[in-house]
Amino acid sequence: MTAESAHAVLPRRTLFWALLDLSWPIVLARATQSVIGFSDALFVAPLGEAPLAAVTTGSLNAFSAIILPMGTVFIVQSFVAQLRGRGELGTAARYAWYGLILAVMAAAASALAIPFVPGLLERFHYADAVHHGMSDYLQIRLLSVGAAIGTEALGNWYGGLGNTRPAMVAAVSAMLANVVGCFVLVQPRFGLPGYGVKGSAWASVAASVLGFLVIAVPFFLRERKDVALQLRALGTAEFMRFLRFGLPNGLNWFLEFGAFALFINVVVGHLGTTTLAAFNVVMQLNSVSFMPAFGLASGGAILVGEAIGRGAHREVWPIVRLGTLVAGAWMSTIGIVYATMPAPLMDWFHPRGVAADALVHTGATMLGFAAFWQLFDAVNMTMGEALRAAGDTVWCMAARIVLAWVVFTPAAWTAVFFFGGGVDAVMISLLVYVGSLGVVLSLRFASGKWKSIDLVGASSESPR
């Protein structure tokens with residue numbers, strides 16, 4: 001039995017082991033993204049607060065350029081999983097190509113945006129050193145967008161087929177390349193002068209390209225006999241259906257993250273370089289809990305998509321319930337670590353030769369708040385991924401937009417600019433948002449409205 005057919009029906013093993021079998025490669029793949037962000041911050045931290053703020057904030061801003069097409073290509077997994085549940089594997093290959101087409105479009109758009117980066121960043125009140133470093137970092141990092149989206153597209157295609165290992169191998173390869181690249185390029189080593197912030201950015205670009213090659217070469221070798229046939233089978237109507245469900249998921253992520261980026265650049269940035277650097281270090285530490293839990297949620301989404309494709313809606317709730325319990329247990333455990341060891345964790349990012357007591361103290365306070373939202377975030381991920389697997393992307397987009405832009409962003413801005421709030425106000429605003437989103441997504445799933453959504457359509461055999 002091949003990896004692609006191993007989960008064509010719910011396996012005889014317990015649901016827990018089925019979920020774990022699908023999820024652990026995704027967990028490892030997503031965890032590597034945490035290591036990449038963590039290593040970027042760790043290698044740059046000795047250079048001082050300004051480079052640390054430039055790289056950590058620049059990394060989040062770079063992600064804002066990737067997140068729209070990235071969220072869109074996640075729908076590849078939903079389509080393929082449901083097609084697999086329906087026994088229509090012959091039509092699934094087209095969705096890999098739709099994802100790659102979107103990756104090419106994203107690469108072109110990012111390349112066109114590069115000259116405008118310094119001007120855009122001038123709209124935010126960064127210190128000169130932070131602005132200069134972040135401009136350099138972002139202009140280089142935008143070169144990696146196409147490779148990153150292509151990797152996600154193919155990873156989600158393989159995932160929808162029940163084979164989550166190719167994405168894991170690509171992610172681990174990218175992680176190792178990034179760590180080695182940062183070690184070699186950021187500070188003077190091996191006869192090189194040390195490229196600082198630019199070195200970190202080039203390491204990330206090289207890592208992204210390597211990750212794409214690792215997953216793309218086997219894909220093209222596997223499909224080489226049928227490439228011409230697959231490309232002729234692509235259809236405008238089917239691609240528009242792909243975008244119809246995929247774009248709301250991408251916009252969902254993009255607009256939520258856009259609110260978060262605005263929150264960081266304007267609200268947190270207003271509180272000074274130390275607070276900005278500390279907050280972004282906390283977000284990198286938080287990814288240690290977030291990324292593996294998101295991997296569990298994505299593994300559950302594959303099982304959800306297959307069940308819906310078979311018409312077995314009764315099997316969806318046990319999958320979602322188990323995913324929530326496992327993800328919640330993991331994130332709660334990490335939350336306890338945040339709550340009990342905040343200062344030692346922040347001390348890892350102590351800039352060399354700098355009295356960074358304020359950075360450590362501020363970050364420790366933020367980590368204490370972060371400990372409280374872990375369980376809510378686990379609910380957000382499992383419920384959100386299950387709804388995405390069902391194709392319920394438009395409603396989720398609307399809910400996140402309202403909470404992020406109508407509630408969270410204005411509340412945080414008002415608390416800091418009108419009432420003079422500081423770190424506590426920033427973190428309380430974030431905690432309320434994460435908790436509210438968990439409640440809203442849970443209520444949507446409980447309503448059962450997702451059962452009536454027709455993602456794939458009555459027939460997938462005629463794409464035109």
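What follows is a walk through the fold of a single chain, first as a whole and then residue by residue.

The model is a predicted one. Its secondary structure is easy to sum up: the chain has 18 helices and 0 strands. As for overall dimensions, the C-alpha trace spans about 65 × 50 × 40 Å along its principal axes. A compact globule of 464 residues would have a radius of gyration near 23 Å, and the chain comes out at 22 Å, so the two agree.

Burial and contacts fill in the picture. Of the 464 residues, 59% are buried. Taking contacts between residues at least 6 apart in sequence, 85% join residues that are at least 24 apart. The surface that the chain does expose adds up to about 18,200 Å², and carbon and sulfur atoms supply 70% of that area. On the charge side, there are 27 positive and 23 negative side chains, with the centres of the two sets lying 10 Å apart.

Helix α13 makes a handy starting point for a closer look. It runs over residues 316–340, and at 1.5 Å a residue its 25 residues should span 36 Å; the end C-alpha atoms are indeed 36 Å apart, which agrees. Plenty of names turn up on the buried list for α13, among them V316, I319, V320, L322 and G323. Further along the helix, T324, A327, G328, M331, I334, G335 and Y338 are buried too. As a rule, an α-helix has 3.6 residues a turn, so residues three or four places apart point the same way.

Next comes S39, in helix α1 (residues 15–44). With a relative accessible area of 5%, under the 20% cut-off, S39 counts as buried. Leaving aside residues up to four places away in sequence, S39 touches N178 and V179. V180 also enters the story here: S39 and V180 are 141 residues apart in sequence, and their C-alpha atoms are 9.7 Å apart in space.

I101 sits in helix α4, which covers residues 93–113. Its relative accessibility is 34%, so I101 counts as partly exposed. Not counting residues up to four places away in sequence, I101 touches L234 and F239. The C-alpha atoms of I101 and A153 are separated by 9.6 Å, with their positions 52 residues apart along the chain.

T151 belongs to helix α7 (residues 145–160). At 18% relative accessibility, T151 falls under the 20% limit and therefore counts as buried. Its contacts, again not counting residues up to four places away in sequence, are A170, S208, G211, F212 and I215.

The loop between α10 (227–233) and α11 holds G235. This glycine has 5% relative accessibility and so counts as buried. G235 and F63 are 172 residues apart along the chain, and their C-alpha atoms are separated by 30 Å.

On the other side of that loop, helix α11 takes in residues 236–270, and N252 lies in it. N252 is buried, with a relative accessible area of 4%. Once neighbours within four places in sequence are left aside, N252 is in contact with C396, M397 and R400.

Two of those names come back with L441, which lies in helix α18 (residues 423–447). L441 has 0% relative accessibility, so it counts as buried. C396 and R400 are among the residues that L441 touches, not counting those up to four places away in sequence. The other contacts of L441 on that basis are N380, M383, G384, L387 and W395. C396 and R400 thus touch L441 of α18 and are also in contact with N252. A92 gives a contrasting pair: L441 and A92 are 349 residues apart in sequence and 29 Å apart in space, C-alpha to C-alpha.

Key
Residues are numbered from 1 along each chain as its sequence is written. This is a predicted model: local features need pLDDT of at least 70, side-chain atom pairs count only at pLDDT 80 or more; totals for chains, interfaces and linings use all residues. Side-chain values use heavy atoms; hydrogens and water are left out. Helices (H or I, at least four residues) and strands (E, at least two) are DSSP runs, numbered from the N terminus. The radius of gyration is taken over C-alpha atoms; the globule rule is 2.2 Å times the number of residues to the power 0.38. Buried means under 20% relative accessible area, exposed over 50%, partly exposed in between (1.4 Å probe, protein chains only). Contact means heavy atoms within 4.5 Å. Accessible areas come from the Shrake-Rupley method with a 1.4 Å probe; for residues, only the protein chains shown count as cover. Lys and Arg count as positive and Asp and Glu as negative; His and the chain ends are not counted. The place of a charge is taken as NZ of Lys, CZ of Arg, CG of Asp or CD of Glu. The expected span of a helix is 1.5 Å times one less than its number of residues.
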